[in-house]
Amino acid sequence: MPCNCRLKGIGRMHKTAMEEFSQGHAREAEKKLYKALTSARELKISCFEAKILNSLGLVTEGLDAPSKAASHYRRALELIQGKLGNDNVVYDTIAKNLARVSVH
């Protein structure tokens, strides 16, 4: 099991990034999310990685980069499907996000 303090740090970084995004600081949020993603990958926590990828999708969508957002959403869906299947609210939420950017 990964170090609890490291998990909390990733969680705080994710939360702070999304707060920054909601305040209009998308570039700063994107940087923090990439750091959190790297840490989640190092710890091999696929569900957390998927959550961060979904958030990166939202942020890059906000930066008017729909193809990059779609890539993040697709990877998040792959991770969720591999861990939880595709019959759950997390998968449905990310799939809706992907559908939204795929229309563009």
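Glu20 is a buried residue in this predicted model, its relative accessible area coming to just 16%. Since buried means under 20%, that value falls inside the cut-off. Its side chain pairs up with that of Lys32 in a salt bridge, at 2.9 Å from N to O. The two partners sit in distant parts of the chain, 12 residues apart: Glu20 belongs to helix α1 (residues 4–22), and Lys32 to helix α2 (residues 26–43). Lys32 itself is partly exposed, with 27% relative accessibility.

This contact is part of a wider set, as the count for the model comes to 8 salt bridges. Another one joins the side chains of Glu30 and Lys68, with an N to O distance of 3.3 Å. Glu30 is in helix α2 and Lys68 in helix α4 (residues 66–84), so this pair ties together parts that lie 38 residues apart in sequence. Here too a buried residue meets a partly exposed one: Glu30 has a relative accessible area of 8%, while Lys68 comes in at 37%. The pair doesn't stand alone, either, because a network of salt bridges links Glu30 and Lys68 with Arg27.

Then there is a pair within one helix. The side chains of Arg75 and Glu78 form a salt bridge at 3.0 Å, N to O. Both residues are in helix α4, 3 residues apart, which means about one helical turn separates them. As for accessibility, Arg75 is partly exposed at 33%, and Glu78 is partly exposed at 49%. The cut-off for exposed is over 50%, so Glu78 stays in the partly exposed class.

Conventions
Residues are numbered from 1 along each chain as its sequence is written. This is a predicted model: local features need pLDDT of at least 70, side-chain atom pairs count only at pLDDT 80 or more; totals for chains, interfaces and linings use all residues. Side-chain values use heavy atoms; hydrogens and water are left out. A salt bridge is a side-chain nitrogen of Lys or Arg within 4 Å of a carboxyl oxygen of Asp or Glu. Helices (H or I, at least four residues) and strands (E, at least two) are DSSP runs, numbered from the N terminus. Buried means under 20% relative accessible area, exposed over 50%, partly exposed in between (1.4 Å probe, protein chains only).
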